[in-house]
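Let's take a walk through this protein together, pausing at a sheet, a pair of helices and a few backbone details. Have the viewer open as you read.

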Amino acid sequence: MCGIAGFYNRHLSQDEAQQKLGAMLDAIVHRGPDDFGMWQNNGLHLGHRRLAIHDLSAAGHQPMPSASGRYHIAFNGEIYNFEELRQALPAQSWRGSSDTEVMLAAFEHWGIEQAIDKFNGMFGFAVWDMQEQTLTLARDRFGEKPVYYFSQGDYFGFSSELSAIEALHDISLTVDRAAVSRQLETSYIPAPLTIYKEVKKLPPGSVVTFKNGQVSDVKAYWTLADTIERAQSQQFSDEQEAIDCLESELLKAVKLRMASDVPLGAFLSGGVDSSLVVALMQAQSNSPVNTFSIGFNVEGYNEAVFAKEVAEHLGTNHTERYLNPTDALDIVPKMGHIFDEPFSDASQLPTYLVSAIAKEKVTVCLSGDGGDELFSGYKRYQATPDIWKKINKFPCRSVFAKVIQSAPTSVLDKVFAFLSPLAAKYGRKGAMGAKLKTLSGWLKAQSIEELYELSMMHWKDVNGIVIGCESSDIWSPSAPDFSEAIERMMYQDSIAYLPGDILTKVDRTAMSVSLEGRIPLLDPRVAETAWRLPMNMKQRGNCGKWALKQVLYKYLPQEMMERPKMGFGVPIHDWLRGELKGWAQDLLSPERLTSQGLLNPEPIGQALQKHIVGEENNAAMLWDVLMLQAWLDANPARKGRL
């Protein structure tokens, strides 16, 4: 795992170019503290920060040339099947044992696009073709690794993080208010948008090229839609065959990701996905696997006890640490530095904390991310169709919505207490008032797709929040023709929520402490196998991830895993009424917001006050704005770009 940065600019002197590239690399030193390198050719300047994982010798140094010298690469990520590719390439004299050298040989033998299609891995890279004088940027299939790029004046530049582009002080950057609106709606900024109008995020599974001063259109070399179409043409009909095939692919995916020349471990929350990954690691390891979890002494937010139970059963070398609110709150101010653009999924806090704990013992950690999207694990996949059936038949929806919105939350808690068991069915325990207010906003949905979009949205009327907000097109690949609504939700989450939220969170938090994260469930063969499963092998009654669980029960007792899904969160709603109240009031003060001229202070102030007094639970909405403010505070220059 590493960081890449660079630019094309023929009008800079060698000294100027090296100074600027050095500043870019300094901004992402956390991504690669072990080594750095720079290389230039005819106006092209490649930079690399290295976190050594394979071939710790100087033979793994980057930027790296191919054997003939035609290609030079700066590469961030891992190609897990590089040994297999090495055997498929013509016999040659290898300088070292790194996957980067195999990539370059693959480019020379098959060409760049055909070689990429053969890579099983996570990657963001920049490769310069000396012969064609062409720069190619590429990103892996699901978007595990980031790639940012821009074209402005004499520059075409790129990097693993926006902070490196911000280090180029002679380019103009302007906060994109459309991107801000997206972040307030969903907690992340979707590709190709970034927080800056002038910079784009390369979508997953895509390449873009630069040649003769021109930037090509973004081209997809892989799409999930094509994978789904191919998989569903070979759909399983026999349950045992499906389970056996899934187990086989999972074992191979985990084994590939256990290859490392440095200490390796796994995050273990005690849930289905992380427990399965650890179980498959331990089944293929000759020594106890290093596992890591954190716990909070707060009811409903502590999975550490379950993780410990799993670890003891599997015999792992387990490290757990319990954190009090002060421990967690100490790292809140760091979020604006760790995330190079506003990001507000509150599970960023425990993800950072468990990464920091893991880094004390290992350099590589496997995680169970991706299982919910591929195997129907989110409660909302079951809840949304059920809710749609009910509200679609609801008489006088608009009238009911107005009554609910105007009623005090405390009154709704008492009047509708009888609905609590129904809410608990969908993992929504607790008083009913705030839940009904949320539901009332969903009543305007005209389709199940619109209902799902509304249920995932935080701030519903961003035009009233973001001053001067303008709509902006976002990457929207074609979708397969699904027969079931749940599949449409899973697909949408896989191309948007997964790369925009989940994978961004894992990459930034882990890399901030120089830890490499690997995600076996996003192996392309596992993904294709998942989509070969008919829905009744994913969702069975109230049970999601049915097939995945059948594999898990071969390694762990079923009774150990039969418990409600908790998620990986922290009690932000309580902290904003307690330990974080003063911090939040300061960042969201009317004076501050008015002086910035970005957000309308009135609705934000109302949401904050109603949350503090307990009338509403606006934690997610408030966290969106707070993380935007934390991002602005992390670099004083950002406020000048509003």
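What follows starts at the sheet, moves on to the helices and ends in the loops. Please keep in mind that this is a predicted model.

Begin with an open sheet of five strands, paired in parallel and ordered E16-E15-E14-E17-E18. Which strands stand at the edges? They are E16 (317–323) and E18 (516–518); each has a single partner strand, so one side of each is left without a neighbour in the sheet. From one strand to the next, the twist averages 30°. To see one pairing in detail, find strand E14 (residues 264–267) and strand E15 (residues 290–296), which run in the parallel sense and are joined over three bridges. Here Ala 266 is the residue opposite Thr 291 of E15. Packed on the sheet you will find helix H13 (residues 348–359), which touches E14, E15, E16 and strand E17 (364–366). The direction of H13 makes about 140° with that of E15.

Next, turn to helix H10 (residues 304–314). Its buried residues include Ala 304, Ala 307, Val 310, Ala 311 and Leu 314. These five cover an arc of only 120° around the axis, which puts them on the same side of H10. The spacing along the chain fits a general rule. An α-helix has 3.6 residues a turn, so residues three or four places apart point the same way. And what covers the buried residues of H10? Among the covering elements are two strands of the sheet we have just visited, E15 and E16, along with helix H9 (272–283) and helix H24 (558–561). Right after H10 comes Gly 315, with a positive phi near 80°.

Further along the chain is helix H28 (residues 601–612). Its twelve residues reach 16 Å from the first C-alpha to the last, close to the 16 Å expected at 1.5 Å a residue. Ile 604, Ala 607, Leu 608, His 611 and Ile 612 are the buried residues of H28. Looking down the axis of H28, you see them fall within an arc of 130°, so they line one face of the helix. Their packing partners are helices: H25 (572–575), H26 (581–587), H27 (590–596) and H29 (619–634). Both ends of H28 reward a look. The N-terminal end is capped by Asn 600, which places a side-chain oxygen 3.2 Å from the backbone nitrogen of Glu 602. Just after the helix, Gly 614 has a positive phi of about 85°.

Finally, let's look at some loops. Most residues other than glycine have a negative phi, and most peptide bonds are trans. Where are the exceptions here? Gln 133 is one non-glycine residue with a positive phi, of about 55°, and sits in the loop between strand E6 (121–129) and strand E7 (134–139). Ser 376 is another, with a phi of about 65°, in the loop that links helix H14 (371–375) and helix H15 (379–392). Are these two buried or exposed? Gln 133 counts as partly exposed, at 24% relative accessibility, whereas Ser 376, at 1%, counts as buried.

Two cis peptide bonds round off the tour. One leads from Gln 62 to Pro 63, with omega near 0°, and Pro 63 belongs to the loop between strand E3 (44–50) and strand E4 (64–65). The other runs from Ala 191 to Pro 192, with omega near 5°; Pro 192 is in the loop between helix H6 (177–186) and strand E10 (199–201).

How values were computed
Residues numbered from 1 in each chain as written. Predicted model: local features only at pLDDT ≥ 70, side-chain atom pairs only at ≥ 80, totals over all residues. Heavy atoms only, no water. Helix = DSSP H or I, 4+ residues; strand = E, 2+ residues; numbered from the N terminus. Expected span 1.5 Å × (residues − 1). Buried < 20%, exposed > 50% of the residue type's maximum accessible area, 1.4 Å probe, protein only. Arc of directions from axis to C-beta. Contact = heavy atoms within 4.5 Å. Polar contact = N/O pair within 3.5 Å; in protein donor to acceptor, adjacent residues only side chain to side chain. Pairing = 2+ DSSP bridges. Axes fitted to C-alpha atoms, helices over the stretch in contact; angles between N-to-C directions.
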